[in-house]
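Got the viewer open? Keep the selection box handy and follow along, one stop at a time.

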Protein chains: 2
Amino acid sequence: MSYPKPLRRLVGLLSRLPGIGEKTATRLALHMLKMPPGSVRELGEAIAAIPDAVINCSKCFNFADVDPCALCTDPARRDDLICVVEDPTDIVPIEKSGEYKGRYHVLGGAISPIDGVMPEDLHIRELLDRLAQGGIGEVILATNLTAEGESTASYLAGVLKPLNMRVTRIAYGMPMGSDLEYTDEITVGRAIKGRREV
Amino acid sequence: MSYPKPLRRLVGLLSRLPGIGEKTATRLALHMLKMPPGSVRELGEAIAAIPDAVINCSKCFNFADVDPCALCTDPARRDDLICVVEDPTDIVPIEKSGEYKGRYHVLGGAISPIDGVMPEDLHIRELLDRLAQGGIGEVILATNLTAEGESTASYLAGVLKPLNMRVTRIAYGMPMGSDLEYTDEITVGRAIKGRREV
């Protein structure tokens, strides 16, 4: 390589990002040399600022720029419903669906003993604290439909049921636009089991 | 999107990079939230610093962190040979080949009237200034083997020939590991025309 040191260093740092190999990192770094310096600085400063600019809401643990976050303080949302998800990113598709207008609680992962993630590593205590304050009629368990998400949902169901509130799980079934022929048998099985009258 | 503003802004800035769509930009931004804050700041600062850290050598117009650049000042390289390339990135494969130990001159592009790039927009005057200082026995035209690179090489050959020095063009031919069947006819034609005795 005959590139100057700062460029090689930038290529090295970029290629540590997921899905960015050395070729892509080089292409990106060279592109940055051609960009207006002001835009490059804007990008670099936005990246450098992100650890301080994005915090976790102390109430629901969603990503936030204010604490508590906008979803926790929005007066137009229902206070008696809490939807429990694994990660902040899981909130996006639920919000996009437009089907939910309650509050959220982000666990920060799913129970996975093999990865060393136990219930006490998740924000379950904080969920119980929120529920203890009263006023919650239903907790929707929206952890992923993976082995870890399912165990986490079962674990939470066991903990929450005795608290005398409605505990629900998001529906299993065939995804929209899917084809029986190409859908795995577990999904098909659950779609049949969960069939509804029309 | 229920992501906080600084995160959405970062996604917007990242998705302006070539080959980075909104999905990849979101994935990268979310990854940055999980990285150690120190590493994110290191990356951001390296990007923000790049416009000032990487300059163009005032002699050969290669990327540089010192002026003149390391290739211009390396005492182990021959002073009587100049290899003319379009862009700084073209120097990398030549250096990797290990076949060249002279100096370079970066034009900053190729002549392309359709894109508004005329000879006076390239560092041709500066090349002539270097040649006028004497001591150059050969100029190797290593512009790309594209229509623009070819026109630029012809133009330069016309300008340099009267200066009474050797002007050469990198060889046309079949690339290593290539298959006649899958090589375009212009390349094959040139490989036949340029055949050498064995």
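First stop: chain A, the loop between α7 (147-160) and β6 (166-169), where you select Asn164(A). Bear in mind as you click that this is a predicted model. Asn164(A) isn't a glycine, yet its phi is positive, at about 65 degrees. Is Asn164(A) buried or exposed? Exposed, because its relative accessibility comes to 73% and anything over 50% earns that label.

Now hop to chain B for another positive phi. Select Phe61(B), in the loop between β1 (55-56) and β2 of chain B. Its phi is near 70 degrees, again in a residue other than glycine. Phe61(B) has a relative accessible area of 13%, so it counts as buried; the cut-off for that is under 20%.

**The cis prolines**

Stay with loops and select Asp67 and Pro68 in each chain. In chain A, the peptide bond from Asp67(A) to Pro68(A) is cis, with omega near -5 degrees. You'll find Pro68(A) in the loop between β2 (63-64) and α4 (70-73) of chain A. Over in chain B, the bond from Asp67(B) to Pro68(B) is cis as well, with omega near -5 degrees. Pro68(B) sits in the loop between β2 (63-64) and α4 (70-73) of chain B.

**Along helix α3**

Next, select residues 37-53 of chain A, which make up helix α3. How far apart are its end C-alpha atoms? They are 23 Å apart, and that agrees with the 24 Å that 17 residues should span at 1.5 Å a residue.

Look along the helix for a kink: α3(A) bends by about 25 degrees at Ile47(A). Pro51(A) is the proline that follows within four residues. Both Ile47(A) and Pro51(A) are among the buried residues of α3(A), which also include Val40(A), Leu43(A), Gly44(A), Ala46(A), Ala48(A) and Ile50(A). While you're checking which way the side chains face, here's a reminder: an α-helix has 3.6 residues a turn, so residues three or four places apart point the same way.

Swap to chain B and pick Ile50(B), in helix α3 of that chain. Ile50(B) is buried, because its relative accessibility is 1%. Draw a distance from its C-alpha to that of Leu163(B), 113 residues away along the chain, and you should read 39 Å.

**The cavity**

Keep Ile47(A) in mind, since it turns up again here. A search of the whole structure finds one cavity of 30 Å³ or more, and the largest cavity has a volume of about 60 Å³. To see its walls, select Leu14(A), Leu17(A), Ile20(A), Leu28(A) and Ile47(A), then add Leu14(B), Leu17(B), Ile20(B), Leu28(B), Met32(B), Leu43(B) and Ile47(B). Colour the lining by residue class and you get twelve nonpolar, no polar and no charged. For chain B, highlight α2 (22-34) and α3 (37-53): each supplies at least two residues of this lining.

**Zooming out, then measuring**

Time for the wider view of chain A. Colour residues 5-44 as domain 1 and residues 74-197 as domain 2, following the domain assignment. What separates their centres? The distance is 39 Å, taken over C-alpha atoms.

Three more distances are worth drawing in chain A:

- Select Arg103(A), in strand β4 (residues 103-106). Arg103(A) counts as buried because its relative accessibility is 6%. Asp115(A) is twelve residues from Arg103(A) in sequence, and the two are 29 Å apart in space, C-alpha to C-alpha.
- Move to Lys59(A), in the loop between β1 (55-56) and β2 of chain A. At 38% relative accessibility, Lys59(A) is partly exposed. Add Leu127(A): the pair are 68 residues apart in sequence but 8.8 Å apart in space, C-alpha to C-alpha.
- Finish at Pro88(A), in the loop between β3 (81-85) and α5 (91-97) of chain A. With a relative accessible area of 9%, Pro88(A) is buried. Measure across to Cys60(A), 28 residues away along the chain, and the C-alpha atoms are separated by 9.4 Å.

Technical notes
Residues numbered from 1 in each chain as written. Chains lettered and ligands numbered in written order. Predicted model: local features only at pLDDT ≥ 70, side-chain atom pairs only at ≥ 80, totals over all residues. Heavy atoms only, no water. 1 Å grid on protein atoms, 1.4 Å probe; cavity = no way out; pocket = protein on both sides within 12 Å on 5 of 7 lines; lining within 4 Å. Points joined across faces, edges and corners; volume = space filled by probe spheres on them. Nonpolar A, V, L, I, M, F, W, Y, C, P; charged D, E, K, R; others polar. Domains from an automatic or database assignment. Expected span 1.5 Å × (residues − 1). Bend = angle between axes of the 7 residues up to and from the residue. Buried < 20%, exposed > 50% of the residue type's maximum accessible area, 1.4 Å probe, protein only.
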